[in-house]
Amino acid sequence: MSSWPKIPQSALGPLALGSLLILLAALFAGGRTTTRFAPNSAVQLPAGVERPMPPGATPTPWPLSGNYTGQMGLLRLSVAEGLLDPQAHERVAVDLDQALAYVVQRTAMAPQSPLDVYVGLEPGCGLHGIAYTDVRRVQVFTCPTLPLNRAVNILAHEFVHQLCHDYYGDRHLQADLVLAEGIATWGAGRYWLGDAPHFRAFVAPWLSRGEELPLGISYVGLPISDMNKLYYQWASFVEYLIETYGREAFDALYVTGQGQPGSADYVGTYGRNFDELEAAWKAWVLQG
């Protein structure tokens with residue numbers, strides 16, 4: 001057994017998943033962001049209650065100590081005491097190695113050095129993830145009654161945030177929220193797609209029924225189901241940009257963001273503003 005290190009105070013920024021009022025202040029104050037996260041209803045809408053953290057709550061609601069399972073290639077894993085039995089420990093280690101290998105191949109981005117991974121116990125039996133990309137630490141909080149694969153799904157998303165920081169450098173910390181969460185969701189691919197072949201197909205039913213949300217809005221104050229929908233739409237938008245204009249242009253766009261949704265230099269990169277690209281994305285999705 002090994003003690004999980006305390007998170008540096010500098011890493012405990014206000015961007016805890018669910019602390020939406022605090023998140024809004026952080027995202028739109030123009031400061032650097034050191035954390036990225038996945039919605040706590042990632043992949044499928046939950047059958048049970050998944051509550052956001054109350055404003056001001058720490059993103060680490062359980063003591064960071066656990067059973068150290070050793071370094072798995074580029075991952076160093078620790079799991080909260082009592083959360084998993086020994087067989088599940090081994091299974092999650094293998095599953096996370098596979099998830100990292102998958103997102104590395106899908107995104108063509110590689111980690112620069114090992115990454116600390118913590119699977120924590122959420123006392124309220126919620127599910128949420130967070131990435132401290134400046135200190136190379138990703139976390140997911142879950143409980144024994146939730147399927148373990150859902151924690152792996154969220155960590156696949158968090159892995160991509162770390163890969164983006166490694167690939168784009170500190171400009172990642174200012175990335176347009178649409179692109180930052182869009183590429184993290186798109187990069188997680190099969191871990192978020194279910195039976196859909198791609199994100200274009202995943203979001204098509206929403207657009208065909210007129211149920212989509214505007215791409216350029218914040219999820220602050222929205223229901224969790226809408227936050228989830230935005231992540232999938234943003235992933236589809238990233239998919240559209242890469243397939244239509246190529247990865248090199250997307251990479252150039254990514255480093256121009258200013259944090260807020262739609263803040264990247266779309267005109268300078270593509271010759272079209274954000275609204276025009278959103279309209280083109282909608283037509284692309286509906287054309288199937």
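This report describes strand S5 and the salt bridges of a predicted model.

**Strand S5 and its neighbours**

Strand S5 spans residues 115-121, and seven of its seven residues are buried, so the strand is largely enclosed by the rest of the structure. Its side chains fall into two sets: Leu115, Val117, Val119 and Leu121 point one way, while Asp116, Tyr118 and Gly120 point the other way. The residues of both sets are buried.

S5 pairs with strand S4 (residues 75-80) in the parallel sense, over five bridges. Within this pairing, Val117 in S5 has Leu77 opposite it. Between S4 and S5 the chain passes through helix H2 (residues 86-107), and the resulting β-α-β crossover is left-handed. S5 also pairs with strand S7 (residues 137-142), again in the parallel sense, here over six bridges. In S7, Arg137 stands opposite Asp116.

**Salt bridges**

Side chains of opposite charge can pair when their charged atoms come close. The structure contains five salt bridges. Three of them are set out below.

| Salt bridge | Closest N to O distance |
|---|---|
| Asp116 and Arg76 | 2.6 Å |
| Arg136 and Asp166 | 2.7 Å |
| Lys282 and Glu212 | 3.6 Å |

Asp116 brings the two topics together, since this residue of S5 forms a salt bridge with Arg76. The pair connects distant parts of the chain, with Asp116 in strand S5 and Arg76 in strand S4, 40 residues apart. Asp116 has a relative accessible area of 13%, which is under the 20% limit, so it counts as buried. Arg76, at 24% relative accessibility, is partly exposed.

In the salt bridge between Arg136 and Asp166, distant parts of the chain are again linked: Arg136 belongs to the loop between strand S6 (128-132) and S7, Asp166 belongs to helix H3 (residues 148-168), and the two are 30 residues apart. Both Arg136 and Asp166 are buried.

The salt bridge between Lys282 and Glu212 has an N to O distance of 3.6 Å. Lys282 is part of helix H10 (residues 274-287), whereas Glu212 sits in the loop between helix H6 (199-208) and helix H7 (224-245), so the pair ties together parts that are 70 residues apart in sequence. Lys282 is partly exposed at 28% relative accessibility, and Glu212 is partly exposed with a relative accessible area of 21%.

Technical notes:
Residues numbered from 1 in each chain as written. Predicted model: local features only at pLDDT ≥ 70, side-chain atom pairs only at ≥ 80, totals over all residues. Heavy atoms only, no water. Buried < 20%, exposed > 50% of the residue type's maximum accessible area, 1.4 Å probe, protein only. Helix = DSSP H or I, 4+ residues; strand = E, 2+ residues; numbered from the N terminus. Pairing = 2+ DSSP bridges. Right-handed = clockwise from strand over helix to strand, strands pointing away. Salt bridge = Lys/Arg side-chain N within 4 Å of Asp/Glu carboxyl O.
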